[in-house]
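Welcome, and thanks for taking a look. Here is a short tour of one structure, arranged by topic.

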Amino acid sequence: MNDLKALYQEVILDHSKHPRHFHALEPCDHSATGHNPLCGDNLKVYVRMDGDQLADISFVGDGCAISKASASLMTDLARGKTIEEFSQLYRDFHHIATTQDPIPDSVGKLKVLAGVREYPSRVKCATLAWHTLDAALHGQSAAKTE
C-alpha cells in the first residue's frame, strides 16, 4: 500500500471516530443542510462570521465514515479563513477529489482527501460537507451536490 493511501485511511478513520467541531453552533450567522441520497448522509453546517472571516464552524449529522471525516477536516481547515480563502480551498478540494490530475504540494493537508478519487461512488460522500458550507456562505439553506 502506498504512503498516501495509508495516510488517507488513517486520517479518515481518525476523523470519523473522533470528529472535530461536531456540535450545533449557536448562535450562528449562516447554516445549511446537506443530504446525499446515494449513501444516506445527512448533515448541517453552522458558521459564525467575524467580518469576512469564518470565525467558527461546526457540523452535526449522520453519515458514513468518509462523509463525517471530510466534514471534520473541512471545519479544521476552513476555520479562520476569509470567504475568499475558503473559496480557493473549496476549489482545490473539489479538483483533487474529482480528477486524476497530479496533486500539487500547494494543497497541503487536503492531500489526504485525494484518496477518495479512487472510489468514484464515494466522491459525493466526501464533497457533501464542502457543498453545504459553500451553500451556507451563499445564503442558501440546502446544498446541491454535483
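H95 is a good place to begin: in this predicted model, H95 sits in helix α3. With a relative accessible area of 37%, H95 counts as partly exposed. Its C-alpha lies 9.8 Å from that of R117, although 22 residues separate H95 and R117 in sequence.

**Helix α3 and its surroundings**

- Helix α3 runs over residues 83–98, 16 residues in total. From first C-alpha to last it reaches 22 Å, close to the 22 Å expected at 1.5 Å a residue.
- Which residues of α3 are buried? They are F86, S87, L89, Y90, F93, I96 and A97.
- As background, residues three or four places apart on an α-helix point the same way, because there are 3.6 residues a turn.
- The buried residues of α3 pack against three elements: β3 (53–62), α2 (65–78) and α4 (123–137).
- F86 is a nice one to click on: beyond its neighbours within four places in sequence, F86 is in contact with L54, A78, K81, W130, L133, D134 and L137.

**The nonpolar core**

- The largest nonpolar core holds 37 residues. L54, F86, L110, W130 and L133 have the most contacts inside this core.
- Two or more residues each come from α1 (3–17), β2 (41–50), β3, α2, α3 and α4.
- In soluble globular proteins, nonpolar side chains tend to be buried together.

**Helix α2**

- The end C-alpha atoms of α2 are 20 Å apart, which agrees with the 20 Å that its 14 residues should span at 1.5 Å a residue.
- Is α2 mostly covered or mostly uncovered? It is mostly covered, with 11 of its 14 residues buried.
- The buried residues of α2 are I66, S67, A69, S70, A71, S72, L73, M74, T75, L77 and A78.
- S67, a residue of helix α2, has a relative accessible area of 3% and is therefore buried. Leaving aside neighbours within four places in sequence, S67 is in contact with D41, L43, C125 and L128.
- After α2 comes G80, which has a positive phi, near 90°.

**Where α2 meets α4**

- The axes of α2 and α4 come within 7 Å and cross at roughly 40°. That angle lies between the 35 degrees below which helices count as roughly parallel and the 65 degrees at which roughly perpendicular begins, so α2 and α4 are oblique to each other.
- The crossing of α2 and α4 is right-handed.
- On the α2 side, the contact is made by I66, S67, S70, A71, M74 and A78. On the α4 side, it is made by C125, A126, L128, A129, W130 and L133.
- T132 also belongs to helix α4, and T132 is buried, with a relative accessible area of 0%. Not counting residues up to four places away in sequence, T132 touches A32, T33, G34, L43, V45 and A143.

**The loop between α1 and β1**

- Two backbone features are worth a visit here. A cis peptide bond joins E26 and P27, with omega about -5°, and P27 is placed in the loop between α1 and β1 (30–36).
- H21 is found in the loop between α1 and β1 too. Although H21 is not a glycine, its phi is positive, about 60°.
- Why does H21 count as buried? Its relative accessible area is 19%, and buried means under 20%.

Note on methods
Residues numbered from 1 in each chain as written. Predicted model: local features only at pLDDT ≥ 70, side-chain atom pairs only at ≥ 80, totals over all residues. Heavy atoms only, no water. Helix = DSSP H or I, 4+ residues; strand = E, 2+ residues; numbered from the N terminus. Expected span 1.5 Å × (residues − 1). Buried < 20%, exposed > 50% of the residue type's maximum accessible area, 1.4 Å probe, protein only. Contact = heavy atoms within 4.5 Å. Core = buried A, V, L, I, M, F, W, Y, C linked by side-chain atoms within 4.5 Å. Axes fitted to C-alpha atoms, helices over the stretch in contact; angles between N-to-C directions. Parallel < 35°, antiparallel > 145°, perpendicular 65-115°, else oblique. Left-handed = near helix turned anticlockwise from the far one by under 90°.
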